[in-house]
Amino acid sequence: MSKKSNQKSTNQAPGAEAAVVSTKNSVRAGNGSAAPAFDPNAAAPPGAGIFGLACERASSRVVITPVQFDATTSYGGGASAGPGAVFEASMQVDLLDHQFGDVWKHGIFMAEANGKIAKLSRKARALAEPIIEAGGIDATEGKAGKRLRKALTKVNAASATVNEHVYERTRDVLKEGKLPGLLGGDHSTPLGAIRACAEHLSASKGGKGEGLGILHVDAHMDLRDAFEGFTYSHASVMFNVLRECKGVSKIVQVGIRDYCAAEKQVVQASKGRVSVFYDQDIADEINGGGNFLSIARRAVESLPANVYVSFDIDALEPSLCPHTGTPVPGGLAFAQAALLLKVLSDSGRRVVGFDLVEVCPSPRRDDPPIDESVGARVLYKLCGAACAAGA
Ligand SMILES: [Mn+2]
C-alpha cells in the first residue's frame with residue numbers, strides 16, 4: 001500500500017482554482033527554526049501546495065503557472081480542468097524520484113490560477129463549438145458563415161489575451177531568476193511562455209548564439225496554419241512558434257504519429273529548423289534490434305545548448321492518458337519519456353522552461369484518476385530534469 005493511500009487530498013474539485021496556501025510546517029528561508037521541518041516521507045498535509053510541499057514562491061526554483069484554457073480542442077475537451085486535477089493528484093506523488101532524486105528540495109511552487117482565464121475559456125469554447133461542429137470556418141457560407149466568422153474573431157481575441165497573460169506571467173518568473181513551468185490547458189497555452197523564454201535567452205549574456213531549442217514531445221506536429229480558422233489553435237502551436245518566436249532556432253519533435261501533408265511540408269520547408277522523430281520509426285528501430293536510449297540521444301543531440309520542453313501528454317500511450325483530447329494509438333511508454341528527459345538533463349544542456357499540456361481528467365468521478373496521476377508524475381519529472389539540467 002502506498003504511504004499516501006490513506007491521506008486526505010485537498011478539497012479541490014478537478015478544475016477548481018488551484019490556490020496554493022503555505023502551511024504551518026513550511027520550511028521558510030531563514031526562518032527554519034521557528035517551524036517544524038518538512039517531512040518528505042509523510043502524507044501531504046491539508047492545504048499543502050503542489051506535490052504536498054510547503055514551498056513559498058520566493059524560495060522555490062520552479063514556479064508553475066496553471067492555465068485553465070481549452071477553447072479550440074477539436075475532438076474532446078476538458079483540458080481546462082487539467083491544472084486542478086493534476087494539482088490534486090500531485091499529493092500522491094512520492095517525492096524521491098528514481099531518476100532525479102529529491103526534486104522537491106529545489107522548491108516547487110504553483111501560482112494561483114487566474115479565474116479570468118477559466119471564465120474566458122468557457123466563453124470562447126461556447127463560441128468555438130459551432131465552428132468546430134461546422135468543420136471549420138471555410139465550410140460555411142452565407143448568413144450562418146458570417147455569424148461563425150464573427151464568433152471566430154472573438155475566439156482569436158480570447159486566445160490572444162491568454163497568450164499575453166502567459167507571456168507576462170512567464171516573464172515575471174524569468175525575471176526572478178526562476179524556472180518557469182506551465183500547466184495547461186490545451187496545447188495553445190504555452191505560446192506566450194515560449195516567446196518569453198526565447199526573448200529572455202536572447203537578451204541574456206551568451207544567449208545570442210544558437211537560439212532556443214524546443215524538445216516537443218507529442219503525438220501531433222501542431223504545425224497547422226490556423227486549424228479550423230483558429231489562429232491560436234491547439235493544433236497550431238508550433239506553427240505559431242516558428243512564425244512568432246524568432247529566437248527559436250530548432251524544434252525537435254518526438255512521438256509524432258498523426259499529421260497532415262501541409263504539416264509535413266512545413267517541416268520540409270523549415271530547412272532543418274524542425275526535426276521529427278516519428279513514433280513508427282522509433283518502434284521500427286526498437287523492433288529491429290535498436291534501442292530507445294540511442295534514439296533519445298540523437299533527439300537531444302540535435303538540440304542547441306538551451307532548451308524548452310513542451311510536453312503534450314498525448315505523446316504517451318493512450319492507456320496513460322485515456323481522456324486527453326486527441327488520443328492516438330502507439331506512443332511512448334512512461335519509462336521512455338522519463339529516459340528522454342534524463343538524457344536531456346545529462347547532456348549538459350540547460351532547460352529554460354517547460355510545459356505540460358492536454359491532461360484531461362475523466363468527467364466521471366468514479367473512474368480511476370489515470371490521466372491526472374500520470375500527468376502529476378510527468379510534471380515532477382519535468383521539474384527534476386529542468387533543475388538537474390546544466391547544473
Ligand atoms: Mn500537442
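**Entry 1: strand 5**

I began with strand 5, residues 179-184, and found that six of its six residues are buried. The model I consulted is a predicted one. I then asked which residues of strand 5 lie on each of its faces. Leu179, Gly181 and Leu183 are on one side, while Pro180, Leu182 and Gly184 are on the other. Both faces are covered, as I found each of these residues to be buried.

**Entry 2: the partners of strand 5**

I next looked up which strands are joined to strand 5. Strand 1, residues 62-67, runs parallel to strand 5, and six bridges join the two. Within this pairing I noted that Pro66 stands opposite Leu183 of strand 5. Strand 10, residues 350-357, also runs parallel to strand 5, to which it is joined by three bridges. Here I recorded Phe354 of strand 10 as the bridge partner of Gly181. Leu183 and Gly181 are thus both residues I had already listed on one side of strand 5.

**Entry 3: helix 3 against helix 4**

I turned to helix 3 (residues 142-175) and helix 4 (residues 191-203), and asked at what angle their axes cross. The axes come within 7 Å and cross at roughly 40 degrees. Helix 3 is therefore oblique to helix 4. I noted the crossing of the two helices as right-handed.

I then listed the residues that meet. From helix 3 they are Asn163, Glu164, Val166, Tyr167, Thr170, Arg171 and Leu174. From helix 4 they are Leu191, Gly192, Ala193, Arg195, Ala196, Cys197 and His200. Sorted by class, this contact holds seven nonpolar, four polar and three charged residues.

**Entry 4: Cys360**

I located Cys360 in the loop between strand 10 and helix 10, the latter spanning 370-388. Is Cys360 buried or exposed? I counted Cys360 as buried because 28 other C-beta atoms lie within 10 Å, where 20 or more are required. I also looked up the separation of Cys360 from Gly78, which is 282 residues away along the chain. Their C-alpha atoms are separated by 5.3 Å.

**Entry 5: the whole chain**

Finally, I recorded the totals. The protein chain has 10 helices and 10 strands. Of its 391 residues, 54% are buried. I also considered contacts between residues at least 6 apart in sequence, and 78% of these join residues at least 24 apart. Cys360 and Gly78, 282 residues apart along the chain, remain my noted case of two residues distant in sequence with C-alpha atoms 5.3 Å from each other.

Note on methods. Residues are numbered from 1 along each chain as its sequence is written. This is a predicted model: local features need pLDDT of at least 70, side-chain atom pairs count only at pLDDT 80 or more; totals for chains, interfaces and linings use all residues. Helices (H or I, at least four residues) and strands (E, at least two) are DSSP runs, numbered from the N terminus. A residue is buried if 20 or more other C-beta atoms lie within 10 Å of its own, exposed if 12 or fewer, and partly exposed in between; C-beta atoms are placed from the backbone. Two residues are in contact if their C-beta atoms, placed from the backbone, lie within 7 Å. Two strands pair if DSSP finds at least two bridges between them. Axes are lines fitted to C-alpha atoms, for helices over the stretch in contact, and angles run from 0 to 180 degrees between N-to-C directions. Angles under 35 degrees count as roughly parallel, over 145 as roughly antiparallel, 65 to 115 as roughly perpendicular and the rest as oblique. A crossing is left-handed if the near helix is turned anticlockwise from the far one by less than a right angle, and right-handed if clockwise. Ala, Val, Leu, Ile, Met, Phe, Trp, Tyr, Cys and Pro count as nonpolar, Asp, Glu, Lys and Arg as charged, and the others, Gly among them, as polar.
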